[in-house]
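Please take a moment with the sequence and the structure shown below before reading on. The paragraphs that follow lead from one part of the model to the next.

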Amino acid sequence: KATGSVLNWGVGGAATMIHFFLLVNKQGQTRLAQYANYMDLRERVTLEGEVVRKCLQRKDTECSFIEHLNYKLIYRRYASLFFIVGVDGDENELAILEFIHTVVETLDRYFENVCELDVMFNLEKAHFIVEEMFANGCIVETNRTNSLYPILNMDKLQKEKK
């Protein structure tokens, strides 16, 4: 069980980078996209199309790590959703798989068994949760309780207003 904040450190103490985090359905439609660095819309659409095609065409028996351009793609399927993370080549694949699992557990806790519709109809909340967990290309929080604290407080304030 993770307790607290972490920062990714790569070879030689340099911070490693998560370049993007995608949540995609089985039809290849992007439901959530979070990028660490600016990329214009045309580049994003092209990159997402290539990445999604590569990940979705793979069999369940194949490895969940793929090299694509200057990224290492690490993905995991949960029900009808694929969680895809693009990282530097020297990033620890198993640590990223664990991060993906932590994100899914956090979304599950908030949405009570998250599904594609939860993300679609509460996109800003899903983005907020992911942004609490990774920022500027680094994993900043792995504790589910800490990640959900701000959004639960916002929900509480919103209910009090009504």
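Is Asn-113 buried or exposed? The model is a predicted one, and in it Asn-113 has a relative accessible area of 60%, so this residue counts as exposed. Asn-113 sits in the loop between helix 2 and helix 3, and its phi is near 75°, a positive value in a residue other than glycine. A second residue of this kind is Ala-79, which is not a glycine and yet has a positive phi of about 55°. Ala-79 is placed in the loop between strand 4 and strand 5, and because its relative accessible area is 67%, Ala-79 is exposed.

From these loops the path leads to the sheet. Five strands make up an open sheet, in which the order is 2-1-5-4-3 and the pairing is antiparallel. At its edges are strand 2 (30–35) and strand 3 (65–68), each of which pairs on one side only. On average, and with direction ignored, neighbouring strands of this sheet are turned by 20° against each other. As a general point, the strands of a sheet pair through backbone hydrogen bonds, and they do so either parallel or antiparallel.

Strand 1 (residues 18–25) and strand 5 (residues 81–87) run antiparallel and are joined by seven bridges. Within this pairing, Ile-18 has Val-87 of strand 5 as its bridge partner. Helix 1 (residues 41–56) packs on the sheet, where it touches strand 1, strand 2, strand 3, strand 4 (71–78) and strand 5, and the direction of helix 1 makes about 140° with that of strand 3. Helix 4 (residues 123–133) also packs on the sheet, touching strand 1 and strand 2, and its direction makes about 35° with that of strand 2.

At the edge formed by strand 3, the side chains alternate along the strand: Ile-66 and His-68 are buried and point to one face, whereas Phe-65 and Glu-67 point to the other face and are not buried. Strand 3 is joined to strand 4 by four bridges, and the two run antiparallel. Together strand 3 and strand 4 form a hairpin with two residues between them, and in the turn Leu-69 has a positive phi of about 50°. Across this pairing, Glu-67 stands opposite Lys-72 in strand 4.

Which residue forms a salt bridge with Lys-72? The partner is Glu-93, and the closest N and O atoms of the pair are 2.7 Å apart. This salt bridge links distant parts of the chain, since Lys-72 belongs to strand 4 and Glu-93 to helix 2 (residues 93–111), with their positions 21 residues apart in the count. Lys-72 has a relative accessibility of 5% and therefore counts as buried, while Glu-93, at 23% relative accessibility, counts as partly exposed.

The count of salt bridges in the model comes to four, and two others among them can be followed here. The side chains of Arg-144 and Glu-105 meet in a salt bridge with an N to O distance of 2.7 Å. Because Arg-144 lies in helix 5 (residues 144–161) and Glu-105 lies in helix 2, this pair ties together parts that are 39 residues apart in sequence. Arg-144 is buried, with a relative accessible area of 18%, whereas Glu-105 is partly exposed, with a relative accessible area of 28%.

Helix 5 also takes part in a salt bridge between Asp-155 and Lys-125, whose closest N and O atoms are 3.3 Å apart. Asp-155 lies in helix 5 and Lys-125 in helix 4, so this pair ties together parts that are 30 residues apart in sequence. Asp-155 counts as buried at 15% relative accessibility, and Lys-125, with a relative accessible area of 21%, is partly exposed.

The last stop is on the surface, where Leu-117, Met-120 and Phe-121 form a nonpolar patch that has about 320 Å² of accessible area together. Of these residues, Phe-121 is found in helix 3 (residues 116–121). Why does Phe-121 count as exposed? Exposed means over 50% relative accessible area, and Phe-121 counts as exposed because its relative accessibility is 62%.

Conventions:
Residues are numbered from 1 along each chain as its sequence is written. This is a predicted model: local features need pLDDT of at least 70, side-chain atom pairs count only at pLDDT 80 or more; totals for chains, interfaces and linings use all residues. Side-chain values use heavy atoms; hydrogens and water are left out. Two strands pair if DSSP finds at least two bridges between them. Axes are lines fitted to C-alpha atoms, for helices over the stretch in contact, and angles run from 0 to 180 degrees between N-to-C directions. Contact means heavy atoms within 4.5 Å. Patches are made of residues with over 30% relative accessible area and no salt bridge: like charges are joined within 9 Å, nonpolar side chains (Val, Leu, Ile, Met, Phe, Trp, Tyr) within 5 Å. Accessible areas come from the Shrake-Rupley method with a 1.4 Å probe; for residues, only the protein chains shown count as cover. Buried means under 20% relative accessible area, exposed over 50%, partly exposed in between (1.4 Å probe, protein chains only).
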